[in-house]
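Let's take a walk through this model together, starting at the ligand and working outwards.

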Amino acid sequence: MTDAAFLDRLAAIVGPSGVVTGDELRGRSANWTRPTEPCAALALVRPRDTGETSAVMAACHEAGVAIVPRGGATGLVDGTLCAPDEITLSTERMTGIEAVDPLGMTVVVGTGATIESVQDAAAAAGLFFPLDLGARGSATIGGAVSTNAGGLRVLRYGMMREMVLGLEAVLADGTVVSSMRPLIKNNTGLDLKQLFVGTEGTLGLVTRAVLRLRPEPAGYATALIACPGVDDGARVLRAAQSAFQGRVSSFEGLWPDFYRLMTAPGRATPPLGHDYPFYAIIEIECVTEEADRFLGLLDGLMDDGTILDAAIASSEEQRRGMWRIRDRVEHLNADGIERAFDVSVPLSRMDGYVRGALDRLAAIPGCRAVVYGHIGDNNLHWNTTRLDAAGNAAIDAAIYTPLAELNGSVSAEHGIGLEKRGKLPLSRSPEEIAAMRLVKRALDPDNRLNPGKIF
Ligand SMILES: Cc1cc2nc3c(=O)[nH]c(=O)nc-3n(C[C@H](O)[C@H](O)[C@H](O)COP(=O)(O)OP(=O)(O)OC[C@H]3O[C@@H](n4cnc5c(N)ncnc54)[C@H](O)[C@@H]3O)c2cc1C
(Lines give C-alpha, C1' and ligand atoms only; values in the text may rest on other atoms or scores of the structure.)
Protein backbone atom coordinates (compact mmCIF):
# COMPACT_ATOMS: atom_id res chain seq x y z
CA MET A 1 0.00 0.00 0.00
CA THR A 2 1.35 3.49 -0.81
CA ASP A 3 1.74 6.08 1.94
CA ALA A 4 -1.16 8.06 0.44
CA ALA A 5 -3.46 5.03 0.39
CA PHE A 6 -2.50 4.17 3.97
CA LEU A 7 -3.20 7.72 5.17
CA ASP A 8 -6.57 7.65 3.34
CA ARG A 9 -7.36 4.50 5.28
CA LEU A 10 -6.55 6.24 8.58
CA ALA A 11 -8.59 9.31 7.52
CA ALA A 12 -11.56 7.02 6.92
CA ILE A 13 -11.32 6.04 10.61
CA VAL A 14 -10.65 9.41 12.28
CA GLY A 15 -12.06 11.81 9.68
CA PRO A 16 -9.96 14.05 7.37
CA SER A 17 -9.14 16.57 10.14
CA GLY A 18 -7.88 13.70 12.28
CA VAL A 19 -4.82 13.15 10.05
CA VAL A 20 -2.27 15.97 10.09
CA THR A 21 0.48 15.99 7.44
CA GLY A 22 2.61 18.37 5.37
CA ASP A 23 3.20 21.96 6.46
CA GLU A 24 0.67 21.74 9.29
CA LEU A 25 2.59 18.81 10.77
CA ARG A 26 6.02 20.40 10.20
CA GLY A 27 4.69 23.47 12.02
CA ARG A 28 4.56 21.38 15.18
CA SER A 29 7.79 20.94 17.09
CA ALA A 30 9.33 17.55 17.80
CA ASN A 31 8.90 18.16 21.53
CA TRP A 32 9.44 20.72 24.32
CA THR A 33 13.21 20.27 24.38
CA ARG A 34 13.48 20.68 20.57
CA PRO A 35 11.27 23.72 19.92
CA THR A 36 12.72 24.53 16.50
CA GLU A 37 12.86 20.96 15.19
CA PRO A 38 9.71 19.96 13.28
CA CYS A 39 7.86 16.73 14.06
CA ALA A 40 9.36 14.22 11.61
CA ALA A 41 6.52 11.66 11.53
CA LEU A 42 4.77 10.50 8.35
CA ALA A 43 1.55 11.81 9.93
CA LEU A 44 0.04 12.85 13.24
CA VAL A 45 -3.22 10.98 13.82
CA ARG A 46 -5.84 12.26 16.28
CA PRO A 47 -8.46 9.66 17.21
CA ARG A 48 -11.49 10.84 19.20
CA ASP A 49 -11.92 7.81 21.46
CA THR A 50 -10.74 4.32 22.35
CA GLY A 51 -12.66 2.76 19.44
CA GLU A 52 -10.96 4.96 16.84
CA THR A 53 -7.58 4.44 18.56
CA SER A 54 -8.05 0.69 18.35
CA ALA A 55 -8.99 0.86 14.65
CA VAL A 56 -5.97 3.09 13.86
CA MET A 57 -3.61 0.77 15.71
CA ALA A 58 -5.07 -2.32 14.03
CA ALA A 59 -4.56 -0.64 10.64
CA CYS A 60 -0.94 0.24 11.53
CA HIS A 61 -0.38 -3.32 12.76
CA GLU A 62 -1.63 -4.74 9.47
CA ALA A 63 0.48 -2.31 7.43
CA GLY A 64 3.60 -2.84 9.57
CA VAL A 65 3.77 0.84 10.56
CA ALA A 66 5.21 1.85 13.95
CA ILE A 67 3.34 4.20 16.31
CA VAL A 68 4.74 6.84 18.67
CA PRO A 69 2.21 7.96 21.34
CA ARG A 70 2.14 11.72 21.90
CA GLY A 71 0.53 13.71 24.73
CA GLY A 72 1.64 17.27 25.47
CA ALA A 73 5.20 16.50 24.22
CA THR A 74 6.65 18.04 27.40
CA GLY A 75 8.60 14.87 28.23
CA LEU A 76 12.30 15.55 28.71
CA VAL A 77 13.92 12.36 27.35
CA ASP A 78 12.84 12.40 23.65
CA GLY A 79 10.14 9.77 24.25
CA THR A 80 7.94 11.31 21.54
CA LEU A 81 10.66 11.66 18.89
CA CYS A 82 9.58 10.07 15.57
CA ALA A 83 11.22 8.65 12.45
CA PRO A 84 9.81 9.71 9.03
CA ASP A 85 8.15 6.32 8.45
CA GLU A 86 6.32 6.35 11.81
CA ILE A 87 2.85 7.57 12.78
CA THR A 88 2.57 9.70 15.89
CA LEU A 89 -0.73 9.10 17.63
CA SER A 90 -1.84 12.16 19.57
CA THR A 91 -4.41 12.12 22.37
CA GLU A 92 -5.28 15.80 21.81
CA ARG A 93 -8.91 15.04 20.91
CA MET A 94 -9.43 12.77 23.96
CA THR A 95 -9.54 15.52 26.56
CA GLY A 96 -12.90 14.83 28.19
CA ILE A 97 -13.46 14.93 31.94
CA GLU A 98 -16.14 12.24 31.78
CA ALA A 99 -17.32 12.03 35.40
CA VAL A 100 -16.37 13.17 38.89
CA ASP A 101 -17.60 11.03 41.79
CA PRO A 102 -17.51 13.34 44.84
CA LEU A 103 -18.32 10.56 47.32
CA GLY A 104 -16.02 7.89 45.90
CA MET A 105 -13.43 10.66 45.28
CA THR A 106 -12.60 9.58 41.73
CA VAL A 107 -12.55 11.17 38.28
CA VAL A 108 -12.80 9.46 34.87
CA VAL A 109 -10.85 11.25 32.13
CA GLY A 110 -9.65 10.92 28.58
CA THR A 111 -5.86 10.74 28.64
CA GLY A 112 -5.47 13.86 26.49
CA ALA A 113 -6.78 15.96 29.40
CA THR A 114 -4.06 18.17 30.83
CA ILE A 115 -2.97 17.81 34.45
CA GLU A 116 -4.24 21.34 35.07
CA SER A 117 -7.70 20.61 33.65
CA VAL A 118 -8.01 17.62 36.00
CA GLN A 119 -6.84 19.75 38.95
CA ASP A 120 -9.52 22.33 38.01
CA ALA A 121 -12.27 19.70 37.65
CA ALA A 122 -11.38 18.24 41.05
CA ALA A 123 -11.36 21.71 42.65
CA ALA A 124 -14.78 22.49 41.14
CA ALA A 125 -16.09 19.43 43.03
CA GLY A 126 -14.38 20.53 46.27
CA LEU A 127 -11.68 17.88 45.84
CA PHE A 128 -7.99 17.76 45.04
CA PHE A 129 -5.90 16.06 42.34
CA PRO A 130 -2.42 16.13 43.90
CA LEU A 131 -0.18 15.60 40.87
CA ASP A 132 1.56 18.89 40.13
CA LEU A 133 4.51 19.89 37.97
CA GLY A 134 5.76 22.92 36.09
CA ALA A 135 4.34 21.75 32.74
CA ARG A 136 0.84 21.23 34.22
CA GLY A 137 -0.88 23.35 31.54
CA SER A 138 0.41 21.21 28.63
CA ALA A 139 1.37 17.81 30.08
CA THR A 140 -1.42 15.25 29.75
CA ILE A 141 -2.73 12.50 31.99
CA GLY A 142 -1.57 9.96 29.37
CA GLY A 143 1.95 11.36 29.46
CA ALA A 144 1.92 11.45 33.26
CA VAL A 145 0.75 7.82 33.43
CA SER A 146 3.26 6.67 30.83
CA THR A 147 6.19 8.39 32.54
CA ASN A 148 4.90 7.74 36.09
CA ALA A 149 5.33 11.46 36.66
CA GLY A 150 6.44 12.71 40.07
CA GLY A 151 6.50 16.45 40.62
CA LEU A 152 6.05 18.63 43.65
CA ARG A 153 3.93 16.61 46.10
CA VAL A 154 5.38 13.10 45.98
CA LEU A 155 6.36 13.24 49.65
CA ARG A 156 2.72 13.25 50.71
CA TYR A 157 0.81 11.65 47.82
CA GLY A 158 3.29 9.49 45.92
CA MET A 159 3.92 9.44 42.18
CA MET A 160 1.33 9.12 39.41
CA ARG A 161 1.20 5.34 39.96
CA GLU A 162 -0.45 5.94 43.34
CA MET A 163 -3.19 8.07 41.74
CA VAL A 164 -4.25 5.58 39.06
CA LEU A 165 -7.16 3.30 39.96
CA GLY A 166 -8.09 2.15 36.48
CA LEU A 167 -6.87 2.43 32.89
CA GLU A 168 -8.05 1.66 29.39
CA ALA A 169 -5.26 0.90 26.94
CA VAL A 170 -4.94 -0.28 23.35
CA LEU A 171 -2.26 -2.85 22.54
CA ALA A 172 -0.09 -2.73 19.42
CA ASP A 173 -2.49 -4.96 17.43
CA GLY A 174 -5.56 -2.88 18.35
CA THR A 175 -6.79 -5.06 21.24
CA VAL A 176 -8.50 -2.96 23.93
CA VAL A 177 -7.60 -3.83 27.55
CA SER A 178 -10.06 -2.02 29.76
CA SER A 179 -9.53 -2.05 33.53
CA MET A 180 -11.60 0.99 34.45
CA ARG A 181 -12.65 -0.04 37.96
CA PRO A 182 -12.73 2.77 40.54
CA LEU A 183 -11.39 0.48 43.27
CA ILE A 184 -8.54 0.92 45.73
CA LYS A 185 -8.54 -2.81 46.49
CA ASN A 186 -8.79 -5.37 43.69
CA ASN A 187 -6.52 -8.38 44.17
CA THR A 188 -7.76 -10.46 41.26
CA GLY A 189 -4.58 -11.64 39.59
CA LEU A 190 -2.11 -9.48 37.67
CA ASP A 191 -2.71 -5.75 38.12
CA LEU A 192 -2.67 -5.17 34.37
CA LYS A 193 -2.94 -1.38 34.53
CA GLN A 194 0.55 -1.30 36.03
CA LEU A 195 1.90 -2.56 32.69
CA PHE A 196 1.16 0.87 31.27
CA VAL A 197 2.39 3.05 34.15
CA GLY A 198 5.95 4.26 33.60
CA THR A 199 6.49 2.19 30.45
CA GLU A 200 6.63 5.23 28.16
CA GLY A 201 4.09 4.06 25.59
CA THR A 202 6.08 0.94 24.71
CA LEU A 203 3.41 -1.59 25.79
CA GLY A 204 0.11 0.13 24.98
CA LEU A 205 -1.57 3.43 24.24
CA VAL A 206 -3.55 4.63 27.25
CA THR A 207 -6.86 6.24 26.24
CA ARG A 208 -8.86 6.63 29.49
CA ALA A 209 -8.12 6.62 33.20
CA VAL A 210 -9.91 6.47 36.56
CA LEU A 211 -7.94 8.67 38.95
CA ARG A 212 -8.03 8.89 42.71
CA LEU A 213 -8.87 12.30 44.20
CA ARG A 214 -8.20 13.54 47.74
CA PRO A 215 -9.80 16.01 50.10
CA GLU A 216 -8.76 19.57 49.36
CA PRO A 217 -5.99 20.65 51.77
CA ALA A 218 -7.33 23.03 54.43
CA GLY A 219 -4.35 25.34 53.97
CA TYR A 220 -0.59 25.51 53.66
CA ALA A 221 2.32 26.71 55.73
CA THR A 222 5.22 27.50 53.42
CA ALA A 223 8.74 28.70 54.17
CA LEU A 224 12.01 29.29 52.38
CA ILE A 225 14.85 28.28 54.66
CA ALA A 226 18.63 28.62 54.42
CA CYS A 227 20.85 25.97 56.05
CA PRO A 228 24.57 25.26 56.40
CA GLY A 229 24.19 22.29 54.03
CA VAL A 230 21.89 19.64 52.59
CA ASP A 231 22.36 17.35 55.62
CA ASP A 232 20.93 20.11 57.82
CA GLY A 233 18.07 20.47 55.32
CA ALA A 234 17.43 16.74 55.71
CA ARG A 235 17.25 17.22 59.51
CA VAL A 236 14.65 19.96 59.06
CA LEU A 237 12.63 17.64 56.85
CA ARG A 238 12.75 14.77 59.35
CA ALA A 239 11.77 17.09 62.23
CA ALA A 240 8.83 18.48 60.22
CA GLN A 241 7.70 15.00 59.20
CA SER A 242 7.64 13.92 62.85
CA ALA A 243 5.88 17.07 64.01
CA PHE A 244 3.27 17.09 61.23
CA GLN A 245 2.85 13.32 60.71
CA GLY A 246 2.85 12.81 56.95
CA ARG A 247 1.57 16.27 56.05
CA VAL A 248 4.84 17.66 54.67
CA SER A 249 3.83 17.89 51.01
CA SER A 250 6.99 19.37 49.48
CA PHE A 251 10.65 19.75 50.30
CA GLU A 252 12.56 21.31 47.42
CA GLY A 253 16.31 21.82 47.67
CA LEU A 254 17.95 24.79 45.91
CA TRP A 255 21.74 25.08 45.77
CA PRO A 256 23.12 28.66 45.73
CA ASP A 257 23.85 29.02 41.99
CA PHE A 258 20.29 27.95 41.18
CA TYR A 259 18.81 30.33 43.78
CA ARG A 260 20.91 33.26 42.50
CA LEU A 261 19.93 32.61 38.90
CA MET A 262 16.20 32.29 39.61
CA THR A 263 16.17 35.45 41.74
CA ALA A 264 18.34 37.61 39.44
CA PRO A 265 16.99 41.12 38.74
CA GLY A 266 13.72 40.97 36.79
CA ARG A 267 12.97 37.42 37.98
CA ALA A 268 11.50 36.13 41.28
CA THR A 269 12.00 38.36 44.33
CA PRO A 270 14.60 36.84 46.70
CA PRO A 271 13.09 36.49 50.21
CA LEU A 272 16.56 35.68 51.66
CA GLY A 273 20.10 36.86 50.91
CA HIS A 274 22.22 35.26 48.20
CA ASP A 275 25.16 33.98 50.23
CA TYR A 276 23.88 30.90 52.05
CA PRO A 277 25.27 27.44 51.25
CA PHE A 278 21.88 25.73 50.77
CA TYR A 279 18.18 26.70 50.51
CA ALA A 280 14.94 24.72 50.66
CA ILE A 281 11.26 25.40 50.20
CA ILE A 282 9.24 23.45 52.74
CA GLU A 283 5.46 23.22 52.55
CA ILE A 284 3.10 21.62 55.03
CA GLU A 285 -0.62 21.03 54.68
CA CYS A 286 -2.23 22.39 57.82
CA VAL A 287 -5.06 24.43 59.23
CA THR A 288 -4.36 28.10 60.09
CA GLU A 289 -4.26 27.34 63.83
CA GLU A 290 -1.23 25.10 63.28
CA ALA A 291 0.87 27.85 61.68
CA ASP A 292 2.26 28.82 65.12
CA ARG A 293 3.45 25.26 65.67
CA PHE A 294 5.27 25.44 62.30
CA LEU A 295 6.92 28.73 63.32
CA GLY A 296 7.90 27.21 66.67
CA LEU A 297 9.52 24.25 64.89
CA LEU A 298 11.56 26.55 62.61
CA ASP A 299 12.52 28.77 65.57
CA GLY A 300 13.86 25.78 67.49
CA LEU A 301 15.91 24.66 64.49
CA MET A 302 17.31 28.21 64.13
CA ASP A 303 18.33 28.22 67.77
CA ASP A 304 20.47 25.11 67.34
CA GLY A 305 21.98 26.31 64.01
CA THR A 306 20.27 23.74 61.74
CA ILE A 307 18.55 26.67 60.01
CA LEU A 308 20.52 29.89 59.34
CA ASP A 309 17.63 32.05 58.13
CA ALA A 310 14.01 31.63 57.13
CA ALA A 311 11.20 33.52 55.37
CA ILE A 312 7.62 32.44 56.01
CA ALA A 313 4.90 33.09 53.41
CA SER A 314 2.25 35.17 55.12
CA SER A 315 -0.12 35.38 52.13
CA GLU A 316 -1.04 33.28 49.11
CA GLU A 317 0.81 35.82 46.93
CA GLN A 318 3.99 35.35 48.98
CA ARG A 319 3.57 31.57 48.78
CA ARG A 320 3.25 31.75 44.98
CA GLY A 321 6.29 34.03 44.89
CA MET A 322 8.35 31.39 46.71
CA TRP A 323 7.22 28.69 44.30
CA ARG A 324 8.16 30.91 41.34
CA ILE A 325 11.78 30.58 42.52
CA ARG A 326 11.50 26.82 42.04
CA ASP A 327 9.12 26.63 39.07
CA ARG A 328 10.35 29.06 36.43
CA VAL A 329 12.93 26.72 34.94
CA GLU A 330 12.60 28.49 31.57
CA HIS A 331 15.09 31.01 33.04
CA LEU A 332 17.68 28.24 32.86
CA ASN A 333 17.12 27.85 29.12
CA ALA A 334 17.26 31.63 28.69
CA ASP A 335 20.69 31.58 30.36
CA GLY A 336 21.90 28.74 28.09
CA ILE A 337 21.91 26.16 30.89
CA GLU A 338 19.59 23.96 28.93
CA ARG A 339 20.77 20.33 29.30
CA ALA A 340 18.47 18.83 31.94
CA PHE A 341 19.38 15.84 34.12
CA ASP A 342 17.10 14.01 36.54
CA VAL A 343 18.74 11.57 38.94
CA SER A 344 18.06 9.89 42.27
CA VAL A 345 20.53 9.69 45.15
CA PRO A 346 19.85 8.53 48.71
CA LEU A 347 19.39 11.66 50.82
CA SER A 348 22.04 10.58 53.31
CA ARG A 349 24.66 10.50 50.50
CA MET A 350 23.51 13.57 48.57
CA ASP A 351 25.94 16.04 50.10
CA GLY A 352 29.06 14.13 49.04
CA TYR A 353 27.60 13.34 45.63
CA VAL A 354 26.72 16.99 44.86
CA ARG A 355 30.06 18.33 46.10
CA GLY A 356 32.00 15.77 44.01
CA ALA A 357 29.91 16.35 40.87
CA LEU A 358 30.15 20.16 41.20
CA ASP A 359 33.96 19.87 41.43
CA ARG A 360 34.12 17.62 38.36
CA LEU A 361 31.76 19.89 36.38
CA ALA A 362 33.77 22.98 37.32
CA ALA A 363 36.86 21.35 35.79
CA ILE A 364 35.16 20.97 32.37
CA PRO A 365 36.02 24.03 30.19
CA GLY A 366 32.92 26.11 29.35
CA CYS A 367 30.58 24.15 31.60
CA ARG A 368 28.07 25.97 33.82
CA ALA A 369 25.87 23.86 36.06
CA VAL A 370 23.11 24.37 38.62
CA VAL A 371 21.46 21.81 40.88
CA TYR A 372 18.09 21.71 42.62
CA GLY A 373 15.27 19.25 43.06
CA HIS A 374 12.69 17.29 45.00
CA ILE A 375 15.30 16.23 47.51
CA GLY A 376 12.76 14.87 49.99
CA ASP A 377 12.14 12.16 47.35
CA ASN A 378 15.91 11.64 46.69
CA ASN A 379 15.47 13.46 43.38
CA LEU A 380 18.04 15.93 42.03
CA HIS A 381 17.80 17.94 38.82
CA TRP A 382 20.94 19.24 37.18
CA ASN A 383 20.97 21.77 34.37
CA THR A 384 24.17 22.36 32.44
CA THR A 385 25.41 24.15 29.36
CA ARG A 386 25.43 22.20 26.09
CA LEU A 387 28.99 21.69 24.84
CA ASP A 388 30.54 19.70 21.97
CA ALA A 389 30.32 15.88 22.01
CA ALA A 390 33.42 15.44 24.17
CA GLY A 391 32.30 18.13 26.61
CA ASN A 392 28.81 16.65 26.88
CA ALA A 393 30.28 13.20 27.50
CA ALA A 394 32.44 14.63 30.30
CA ILE A 395 29.33 16.25 31.85
CA ASP A 396 27.42 12.95 31.60
CA ALA A 397 30.28 11.13 33.30
CA ALA A 398 30.46 13.70 36.12
CA ILE A 399 26.75 13.35 36.84
CA TYR A 400 25.95 9.71 36.04
CA THR A 401 29.04 7.64 36.79
CA PRO A 402 28.95 7.92 40.62
CA LEU A 403 25.30 6.82 40.74
CA ALA A 404 25.79 3.05 40.43
CA GLU A 405 28.05 2.92 43.49
CA LEU A 406 25.58 5.10 45.46
CA ASN A 407 22.60 2.85 44.60
CA GLY A 408 21.16 5.84 42.77
CA SER A 409 19.16 6.06 39.56
CA VAL A 410 19.87 7.69 36.18
CA SER A 411 16.21 8.69 35.96
CA ALA A 412 14.13 9.65 38.98
CA GLU A 413 10.96 10.75 37.21
CA HIS A 414 11.48 11.64 33.54
CA GLY A 415 11.98 8.10 32.21
CA ILE A 416 14.53 6.73 29.77
CA GLY A 417 13.10 7.54 26.32
CA LEU A 418 15.77 7.76 23.66
CA GLU A 419 18.01 10.13 25.55
CA LYS A 420 19.02 7.84 28.42
CA ARG A 421 18.98 4.46 26.67
CA GLY A 422 22.72 4.04 26.96
CA LYS A 423 22.60 4.88 30.68
CA LEU A 424 20.03 2.21 31.63
CA PRO A 425 22.70 -0.38 32.58
CA LEU A 426 24.03 2.05 35.24
CA SER A 427 20.74 1.65 37.13
CA ARG A 428 19.40 -1.78 36.12
CA SER A 429 21.07 -5.21 36.12
CA PRO A 430 21.31 -7.34 32.94
CA GLU A 431 18.68 -9.66 34.43
CA GLU A 432 16.28 -6.79 35.07
CA ILE A 433 16.72 -5.51 31.50
CA ALA A 434 16.22 -9.04 30.11
CA ALA A 435 12.96 -9.36 32.08
CA MET A 436 11.78 -5.99 30.68
CA ARG A 437 12.52 -7.22 27.15
CA LEU A 438 10.51 -10.40 27.79
CA VAL A 439 7.44 -8.33 28.75
CA LYS A 440 7.91 -6.09 25.71
CA ARG A 441 8.15 -9.11 23.36
CA ALA A 442 5.04 -10.69 24.89
CA LEU A 443 2.87 -7.59 24.35
CA ASP A 444 4.44 -6.13 21.22
CA PRO A 445 6.25 -8.98 19.41
CA ASP A 446 6.77 -6.93 16.22
CA ASN A 447 8.21 -3.93 18.11
CA ARG A 448 5.70 -1.47 16.66
CA LEU A 449 4.91 0.61 19.77
CA ASN A 450 7.34 3.44 20.42
CA PRO A 451 10.24 1.35 19.05
CA GLY A 452 13.73 2.10 20.30
CA LYS A 453 12.54 3.88 23.44
CA ILE A 454 13.84 2.63 26.85
CA PHE A 455 15.99 -0.11 25.16
C1 LIG B 1 8.79 22.82 32.68
C2 LIG B 1 8.70 21.33 32.89
C3 LIG B 1 8.64 20.84 34.19
C4 LIG B 1 8.55 19.46 34.40
N5 LIG B 1 8.51 18.99 35.69
C6 LIG B 1 8.36 17.67 35.90
C7 LIG B 1 8.30 17.17 37.23
O8 LIG B 1 8.40 17.91 38.21
N9 LIG B 1 8.11 15.84 37.39
C10 LIG B 1 8.00 14.99 36.32
O11 LIG B 1 7.82 13.78 36.53
N12 LIG B 1 8.11 15.44 35.04
C13 LIG B 1 8.28 16.74 34.80
N14 LIG B 1 8.38 17.20 33.53
C15 LIG B 1 8.36 16.25 32.40
C16 LIG B 1 6.99 16.05 31.73
O17 LIG B 1 6.17 17.17 31.90
C18 LIG B 1 6.30 14.82 32.30
O19 LIG B 1 7.04 13.69 31.94
C20 LIG B 1 4.87 14.65 31.77
O21 LIG B 1 4.28 13.57 32.45
C22 LIG B 1 4.81 14.35 30.28
O23 LIG B 1 3.47 14.51 29.84
P24 LIG B 1 3.18 14.76 28.29
O25 LIG B 1 1.71 14.70 28.07
O26 LIG B 1 3.84 16.00 27.82
O27 LIG B 1 3.86 13.47 27.65
P28 LIG B 1 4.69 13.37 26.30
O29 LIG B 1 5.93 14.16 26.38
O30 LIG B 1 3.80 13.64 25.16
O31 LIG B 1 5.06 11.82 26.33
C32 LIG B 1 5.90 11.29 27.30
C33 LIG B 1 6.04 9.78 27.06
O34 LIG B 1 4.81 9.13 27.27
C35 LIG B 1 4.32 8.53 26.07
N36 LIG B 1 2.88 8.80 26.03
C37 LIG B 1 2.27 10.02 26.03
N38 LIG B 1 0.93 9.85 26.06
C39 LIG B 1 0.69 8.52 26.07
C40 LIG B 1 -0.49 7.72 26.13
N41 LIG B 1 -1.71 8.27 26.17
N42 LIG B 1 -0.35 6.37 26.14
C43 LIG B 1 0.87 5.79 26.09
N44 LIG B 1 2.02 6.50 26.05
C45 LIG B 1 1.93 7.85 26.05
C46 LIG B 1 5.12 9.16 24.94
O47 LIG B 1 5.29 8.29 23.84
C48 LIG B 1 6.45 9.44 25.63
O49 LIG B 1 7.24 8.29 25.64
C50 LIG B 1 8.51 18.57 33.28
C51 LIG B 1 8.57 19.08 31.98
C52 LIG B 1 8.67 20.45 31.78
C53 LIG B 1 8.73 20.94 30.35
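How many nonpolar, polar and charged residues does the shell around the ligand have, by class? Polar residues number 20, nonpolar residues 12 and charged residues 3. Keep in mind as you look around that this is a predicted model.

Stay with the ligand for a moment. It is surrounded by 35 residues, and the closest are Pro69, Gly71, Thr74, Gly75 and Thr140. If you are after specific polar atoms, try asparagine 450: an N or O atom in its side chain is 3.1 Å from an oxygen atom of the ligand. The backbone joins in as well. Glutamate 200 has a backbone N or O atom 3.3 Å from a ligand oxygen, and for glycine 143 a backbone N or O atom lies 3.5 Å from an oxygen atom of the ligand. As for how much of the ligand is covered, on its own it has 970 Å² of accessible area, and the protein covers 95% of that.

Which elements give two or more residues to this shell? They are strand β5 (67-70), helix α5 (141-147) and strand β12 (205-212). Helix α5 provides the largest share, with 5 residues.

Now move to threonine 91, which sits in the loop between β6 (87-90) and β7 (97-101). Is this threonine buried or exposed? Its relative accessible area is 6%, so threonine 91 counts as buried. Leaving out residues up to four places away in sequence, threonine 91 touches Arg70, Gly71, Thr111, Gly112, Leu205 and Val206. You have met one of those already: Gly71 is among the residues closest to the ligand.

Next, the aromatics. The structure holds 8 aromatic pairs. One to zoom in on is tyrosine 259 with tyrosine 279: their ring centres are 3.9 Å apart and their planes are at 15 degrees, so the pair is stacked. Tyrosine 259 belongs to helix α8 (residues 256-262) and tyrosine 279 to strand β16 (residues 278-285), so the pair ties together parts that are 20 residues apart in sequence. Tyrosine 259 and tyrosine 279 are both buried. Add Tyr276 to Tyr259 and Tyr279, and you have one aromatic cluster.

For a look inside a helix, go to leucine 237 in α7 (residues 230-244). Why does leucine 237 count as buried? Because its relative accessibility is 0%. Beyond its neighbours within four places in sequence, leucine 237 is in contact with Leu155, Val248, Phe251, Leu347 and Gly376. If you want a sense of distance, jump from leucine 237 to glycine 96: their C-alpha atoms are 38 Å apart in space, with their positions 141 residues apart in sequence.

Alanine 11 offers another such pairing. This alanine is found in helix α1 (residues 3-14), and its C-alpha atom is separated by 9.7 Å from that of proline 47, 36 residues apart along the chain. With neighbours within four places in sequence set aside, alanine 11 is in contact with Pro16 and Val19.

A few asparagines round off the tour. Asparagine 333 lies in helix α11 (residues 330-334). With a relative accessible area of 32%, asparagine 333 is partly exposed. Not counting residues up to four places away in sequence, asparagine 333 touches Trp32 and Glu338. Asparagine 333 can also be paired with asparagine 383, since the two are 50 residues apart in sequence and 8.9 Å apart in space, C-alpha to C-alpha.

The other two are worth a glance at the backbone. Asparagine 378 has phi near 70 degrees, a positive value in a residue other than glycine. You'll find asparagine 378 in the loop between β19 (369-373) and β20 (379-384), and it is partly exposed, with a relative accessible area of 31%. Where does asparagine 447 lie? Look in the segment after α15 (430-443). Phi of asparagine 447 is positive too, near 55 degrees. Its relative accessibility is 40%, so asparagine 447 counts as partly exposed.

Note on methods: Residues are numbered from 1 along each chain as its sequence is written. This is a predicted model: local features need pLDDT of at least 70, side-chain atom pairs count only at pLDDT 80 or more; totals for chains, interfaces and linings use all residues. Side-chain values use heavy atoms; hydrogens and water are left out. Helices (H or I, at least four residues) and strands (E, at least two) are DSSP runs, numbered from the N terminus. Buried means under 20% relative accessible area, exposed over 50%, partly exposed in between (1.4 Å probe, protein chains only). Contact means heavy atoms within 4.5 Å. A residue is near a molecule or strand if one of its heavy atoms lies within 4 Å of it. A polar contact is a pair of N or O atoms within 3.5 Å; within protein, one must be able to donate a hydrogen and the other to accept it, and residues adjacent in sequence count only if both atoms are side-chain atoms. Accessible areas come from the Shrake-Rupley method with a 1.4 Å probe; for residues, only the protein chains shown count as cover. Ala, Val, Leu, Ile, Met, Phe, Trp, Tyr, Cys and Pro count as nonpolar, Asp, Glu, Lys and Arg as charged, and the others, Gly among them, as polar. Rings of Phe, Tyr and Trp (its six-membered ring) pair if their centres lie within 6.5 Å; planes under 30 degrees apart count as stacked, over 60 as edge-to-face and the rest as tilted.
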